[in-house]
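These are my notes from a first reading of the structure below. I set down each item as I looked it up.

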Amino acid sequence: MSAQKKRNFKIEAFKHRVELDPKYAERTWKVLEHAIHEIYNHNASGLSFEELYRNAYNMVLHKYGEKLYSGLVTTMSGHLKEIAKSIEDSQGGLFLEELDRKWGDHNKALQMIRDILMYMDRTFVPINHKTPVHELGLNLWRDNIIRSGKIQTRLLDTLLDLIHRERTGEVINRSLMRNITKMLMDLGSSVYQEDFEKPFLEVSASFYSGESQQLIECCDCGEYLRKAERRLTEETERVSHYLDVKSEVKITSVVEGEMIANHMQRLVHMENSGLVNMLVEDRYEDLSRMYNLFRRVPDGLSTVRDVMTSHLRETGKQLVGDPERLKDPVDFVQHLLDEKDKYDKIINKAFNNDKSFQNALNSSFEYFINLNNRSPEFISLYVDDKLRKGLKGVSEEDVEVVLDKVMMLFRYLQEKDVFEKYYKQHLAKRLLSGKTASDDAERSMIVKLKTECGYQFTSKLEGMFTDMKTSVDTMQGFYTSQYCETGDGPTLAVQVLTTGSWPTQPSAPCNLPAEILGICERFRTFYLGTHTGRRLTWQTNMGTADIKATFGKGQKHELNVSTYQMCILMLFNSADQLTYREIEQAIEIPAPDLKRCLQSLACVKGKNVLRKEPMSKDIAEDDAFYFNDKFTSKFIKVKIGTVAAQKESEPEKQETRQRVEEDRKPQIEAAIVRIMKSRRVLDHNTIVTEVTSQLQSRFLPNPVVIKKRIESLIEREFLERDKNDRKLYRYLA
């Protein structure tokens, strides 16, 4: 088969040229022009839109699009010039109404014209890069009406005047305002911004600048902030009613700048009503308003925070340095807790629980609590007071709340090891005297300390509880053993304390009465027989005793006294009168303890089972003591405490501080060795930084002490100095 030949087809233009009437374009345009005039004159009802559309279509089709388009521009411009004159002639308040009405008419006319010229809009306009009919109508309205010499200024002045009148309390036609501003927005965002928004913001800034100056001179801080808040609310409402939604950020920024940012310092420091006054008087509503307003401006919250921090630190400094407060440690700590509660509540209720304010509060408390080096002791005394008697009859939840608050203060302490020392002493006294209000509360406190500081911090405290439990079992074993002789003799309750766990002092000498000595020796024999490799030392300074005493007329009482006081009273079984020196020689206890015991036995009203001559508050070495036959009490059981200060004496304070410093040395050395073992070579400053970082959860080590410990480690050949650089240290394996 032979291949078929391909044929190429070509479509050619129609050869016969259609000749149009030369006056066709002019005649057709006249018809369309007349229609546009009729539309603007509200006579559109008699027009045939189908016929008009076909005419416009044919003009574009026959290449008369340019004539149609330019004719439209000329005709619309002519009508708009007439409309402009009509608007210019309107008087007073009718000006905006006339403008609004004419704008409505123009939009309707524009819609009809666009429908007629739809074919032109779709074909001629895009091909020739012309402006579409609707947009053209808006541009012509803008140029001939809005930006005409007489209307432009008058329109702006009228709008700004109405807004000013509304700000000063007058009621205006918001619906009309909304129509006019919407017209400006419809004409394009640049028209709205340039012809209205920009001058509106400038006038607003001037208005609020003047008002803020006037208000700040005559209002207190709270009242000023209320008015500023009200103005912000008004402006937001104004935007929602008749301005562009994008104007809200701009106008509120103007109000914030003029009424708040420009007066921040004066407001917070305003005398008798500023931030400090609000804090002191717990004015939550005003504080919340200040927070919400100041957060809207740059550096607003930092200004509030700085003033609060400064006030907190100043009041805290006065509190921890007040000699009257320091006389009562429990009241001192309670006042700290009350202050913390107060500011926690302010931050929660007024400052939206802002973390930056919480951090500022924490840093302020940490600053002033550590200004007083007795804070660790006082916090421990507060816990001691609560766990002795302050929590009786209180629910478990409330106990936890109190302990959590104490732990909050504990976290601020830089010298947590000092707190540990005191806490151990106070816990020991509570456990040994049986005065703890709740074992659960005690254990809860230890769990909290353990969670905060780790096992090492509380291991000795837990050991104390273990010893107390073990001692109960030991005593049961003793009383069921052959060593215990039943009879009328004294009974013994021993707490066996592990030396490392308890804050025991070196055992002071004390000559116990023969009756007591016997049962003590039997217990020693029993205990050492059941536990090998142990040594017992009697801590007579920590014991108590219950003794029966018979006074004049056969009156009997049971006296609860310390072991030292018991030794003194037992001497009067064989003597009616003893001098101070005779008592001292007989029992051989330290002089300060002896004087305190005699004071409590002879000088305390209602507890004076001894009589002293000459009678005075202080004990002298030549005083004589007699058994007081005339002692009476309405109680069968009489507790005679030892006269002692709640707080430590100065020598005791120095001794505790010395013990703390000694305990810190091995901890600092251990930290240095740990760091050097992992890093091998380090310079002096880096070691100091690393050691401080490792130990700050317990205490802040002194750089001078760290240097001394490094020297000590060099002497013991744990470290060596670099031969070339004296500030470099090397670890020796």
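**Entry 1: a mixed sheet.** I began with N560, which stands opposite K639 in strand 6. The model I am reading is a predicted one. One more pair across these strands is L559 with V638. Strand 2 (residues 556-562) and strand 6 run parallel and are joined by 3 bridges.

I then asked in what order the strands of this open sheet lie. The order is 1-2-6, and the pairing is mixed. Strand 1 (544-550) and strand 6 (637-639) are the edge strands, each paired on one side only. I noted an average turn of 25° between neighbouring strands, direction ignored. Helix 26 (residues 563-571) packs on this sheet, where it touches strand 1 and strand 2. The direction of helix 26 makes about 130° with that of strand 2.

**Entry 2: the hairpin.** I looked up how strand 1 meets strand 2 and found antiparallel pairing over 7 bridges. T544 has S562 in strand 2 as its bridge partner. The two strands form a hairpin with 5 residues between them. In the turn, K553 has a positive phi of about 60°.

**Entry 3: a pocket.** I turned to the second largest pocket and recorded about 1,500 Å³ of space in it. Its lining counts 45 residues, and the closest to the centre are L492, A493, V494, Q495 and W538. Which elements give two or more residues to this lining? I listed helix 24 (455-479), helix 25 (514-530), strand 1 and helix 26. Helix 25 supplies the largest share, 6 residues.

**Entry 4: strands 4 and 5.** I followed the side chains along strand 4 (residues 610-613) and saw that they alternate. L610 and K612 point to one face and are buried. R611 and E613 point to the other face and are not buried. Strand 4 is joined to strand 5 (residues 624-627) by 4 bridges, and the two run antiparallel. R611 stands opposite Y626 in strand 5.

**Entry 5: an antiparallel sheet.** I next examined an open sheet of 3 strands in the order 7-9-8, with antiparallel pairing. Its edge strands, each pairing on one side only, are strand 7 (681-683) and strand 8 (719-721). From one strand to the next the twist averages 30°. Strand 7 and strand 9 (residues 728-731) are joined by 3 bridges. Within this antiparallel pair, D683 stands opposite L728 in strand 9.

I also looked for helices against this sheet. Helix 30 (residues 684-695) lies across strand 7 and strand 9, at about 95° to strand 7. Helix 31 (residues 703-715) packs on the sheet as well, touching strand 8 and strand 9. Its direction makes about 100° with that of strand 8.

**Entry 6: nonpolar cores.** I asked which residues have the most contacts inside the largest nonpolar core. They are F294 and F351, in a core of 81 residues. Not counting residues up to four places away in sequence, F351 touches L287, Y291, V304, M308, I346 and F357. Apart from this core lies another, of 63 residues, including L47, V60, I116 and I145.

**Entry 7: A350.** I located A350 in the loop between helix 18 (329-349) and helix 19 (355-369). Is A350 buried or exposed? A350 counts as buried because its relative accessible area is 2%, and the cut-off for buried is under 20%. Leaving aside neighbours within four places in sequence, A350 is in contact with Y284, L287, S288, Y291 and K345. I also compared A350 with F627: the two are 277 residues apart in sequence and 66 Å apart in space, C-alpha to C-alpha.

**Entry 8: positive phi in two loops.** I checked H42, which is not a glycine and yet has a positive phi of about 65°. H42 lies in the loop between helix 1 (24-40) and helix 2 (49-61). It counts as exposed because its relative accessibility is 56%, and the cut-off for exposed is over 50%.

I found D282 in the loop between helix 14 (275-280) and helix 15 (284-294). Phi of D282 is near 55°, a positive value in a residue other than glycine. With a relative accessible area of 30%, D282 is partly exposed.

Note on methods:
Residues numbered from 1 in each chain as written. Predicted model: local features only at pLDDT ≥ 70, side-chain atom pairs only at ≥ 80, totals over all residues. Heavy atoms only, no water. Core = buried A, V, L, I, M, F, W, Y, C linked by side-chain atoms within 4.5 Å. Buried < 20%, exposed > 50% of the residue type's maximum accessible area, 1.4 Å probe, protein only. Contact = heavy atoms within 4.5 Å. Pairing = 2+ DSSP bridges. Axes fitted to C-alpha atoms, helices over the stretch in contact; angles between N-to-C directions. 1 Å grid on protein atoms, 1.4 Å probe; cavity = no way out; pocket = protein on both sides within 12 Å on 5 of 7 lines; lining within 4 Å. Points joined across faces, edges and corners; volume = space filled by probe spheres on them.
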